[in-house]
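Work through the exercises below with the model open. Try each task before you read its solution.

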Amino acid sequence: MTVVAKRLEELGIRLPHPAAAVANYVGFTRVGALLFVSGQLLFGPNGKVAAAHIGKLGPHSSIETVSQAARVCAINLIAQAQAAVDDLDRIAQVVRLGGFFNVGTSFDPLSQAMNGASDLMAEVFAQRGRHARSAVGVAHLPFNALVEIEAIFEVGSES
Amino acid sequence: MTVVAKRLEELGIRLPHPAAAVANYVGFTRVGALLFVSGQLLFGPNGKVAAAHIGKLGPHSSIETVSQAARVCAINLIAQAQAAVDDLDRIAQVVRLGGFFNVGTSFDPLSQAMNGASDLMAEVFAQRGRHARSAVGVAHLPFNALVEIEAIFEVGSES
Amino acid sequence: MTVVAKRLEELGIRLPHPAAAVANYVGFTRVGALLFVSGQLLFGPNGKVAAAHIGKLGPHSSIETVSQAARVCAINLIAQAQAAVDDLDRIAQVVRLGGFFNVGTSFDPLSQAMNGASDLMAEVFAQRGRHARSAVGVAHLPFNALVEIEAIFEVGSES
């Protein structure tokens, strides 16, 4: 078993089937070492967005809930990366995460919420998980989901 | 006539003059095989945003109108790509589209609306048109336009 | 003294200490020639966001204030780039800026406001400062800051 697969097992994370393309776009594209992954909503293992992960954030929203939602998005990003490279040990670096949070009025702790995704990347990829990122509050997301996150990974050369 | 130019003609699409840079930014930049295209609003062939393409989306907005608006943005993206590479057959891949929709209250079918751009890329570039993407609802766009889409293309080596 | 450092001095710009990573993300990552810089808020030289740079934009907001805020974000981006490459003369090109403006109701002149960042890049990097960009109004930003801007730079080979 490879390093990252073993780490996922230790963390108790089972990667979902990556969301299939249902239209003229795909889950990921690749140019040289760069792997671009489509914005992932927080589909759970059953292929549905949990009711707790639908709606708009306000000043009283729970940081824990939103951070957990960002973590689920990150797991979906990793599932796409695995579909792209098969063996996640080939991921040389998490290059960039772009986080979009569905904000109704205001939600100041966007950075803390985004840490749900950033921390997961560090747990899974260790030093290779450290990435550049942006986190912004948007006016709406598909299905009124709480969070959408897109990513760029670096793929190492074949071993 | 090259393959993509012929396809555009079959689709009845005449590329507009790409929006010129009016300030210290440009329509596109290139680094190696990657072509980054600035966010395109939906200027029509007359250089203006159609009145139907101004305003904010709500729960009762027409998916068809928004999808059509996204298609116009995609045509503008292709016009920029042509300005960059001259012969669109040199586009090896549409790598990523980033769609921003101007949402007032809510507009759930963002993915369906974004398909207006994704489908156009598939019609024009066939398999090479399949891309990663994100689609989010934002609070405002320049000129209060309905949609803005940015893109990354892959350019093949000179033939 | 190198060309860009001299230019910064002429402009009276002292780069702040780049915002340190306080979590499992970093200020920048690099893949080959591409340098990805995290979204920068407008921290001033004292490490704080100025009170004038907090809040949401409305139809009566001052373009000058917002443009100035975008300029501060751009200075923070350059500070990150310097931390990445040491000598800013190694920046071959500003590839892309992604601007997020914190809009409450509406603020049409987003492009003009974004010019605060674009003009700064041209002042500092001259022709190499011309970039692709997107500028959108979002529903909220961390700390309720007025603007957040992320960037991609191209790094030239070592001299």
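Two residues count as in contact if their C-beta atoms, placed from the backbone, lie within 7 Å. The model is predicted.

**Exercise 1. Chains A and B**

Task: Find how many residues each chain gives to the contact of chain B with chain A, and which elements of chain B take part.

Solution:
- Step 1. Count the residues: chain B gives 28 and chain A gives 22.
- Step 2. Look for elements of chain B that give two or more residues to the side touching chain A. These are β3 (91-102), α3 (110-125) and β4 (132-138) of chain B.
- Step 3. Sort that side of chain B by class. There are 13 nonpolar, nine polar and six charged residues.

**Exercise 2. Chains A and C**

Task: Describe the side of chain C that touches chain A, and say which element gives the most to that side.

Solution:
- Step 1. Count again: 22 residues of chain C are in contact with 28 residues of chain A.
- Step 2. List the contributors. β1 (28-31), β2 (34-40) and β5 (147-155) of chain C each supply at least two residues.
- Step 3. Pick the top one. β2(C) gives the most, with four residues.
- Step 4. Sort by class: 13 nonpolar, seven polar and two charged residues make up this side of chain C.

**Exercise 3. The symmetry**

Task: What turn and what shift lay chain B on chain A?

Solution:
- Step 1. Recall the principle: two copies of a chain are related by a rotation about an axis and a shift along it.
- Step 2. Read the values. A turn of 120° and a shift of 0.0 Å along the axis lay chain B on chain A, with an RMSD of 0.0 Å.
- Step 3. Name the relation: it is therefore that of a three-fold axis.
- Step 4. Compare the surfaces. The copies use different ones, as 7% of the contact residues of chain B recur in chain A.

**Exercise 4. The sheet of chain A**

Task: Work out the strand order in the sheet of chain A, and which strands lie at the edges.

Solution:
- Step 1. Trace the order. The open sheet has five strands, β1-β2-β5-β3-β4 of chain A, with mixed pairing.
- Step 2. Find the edges. β1 (28-31) and β4 (132-138) of chain A each pair on one side only.
- Step 3. Check the twist: it averages 15° from one strand to the next.
- Step 4. Zoom in on one pair. β3 and β5 of chain A run antiparallel and are joined by nine bridges. G99(A) has I149(A), in β5(A), as its bridge partner.

**Exercise 5. Helices on the sheet**

Task: Which strands of chain A does helix α2 lie across, and which does helix α3 touch?

Solution:
- Step 1. Take α2 (residues 63-85) of chain A. This helix lies across β1, β2, β3 and β5 of chain A, at about 40° to β5(A).
- Step 2. Take α3 (residues 110-125) of chain A. This helix packs on the sheet and touches β3, β4 and β5 of chain A. Its direction makes about 155° with that of β3(A).

How values were computed: Residues numbered from 1 in each chain as written. Chains lettered and ligands numbered in written order. Predicted model: local features only at pLDDT ≥ 70, side-chain atom pairs only at ≥ 80, totals over all residues. Nonpolar A, V, L, I, M, F, W, Y, C, P; charged D, E, K, R; others polar. Least-squares fit on C-alpha atoms with pLDDT ≥ 70 in both. Pairing = 2+ DSSP bridges. Axes fitted to C-alpha atoms, helices over the stretch in contact; angles between N-to-C directions.
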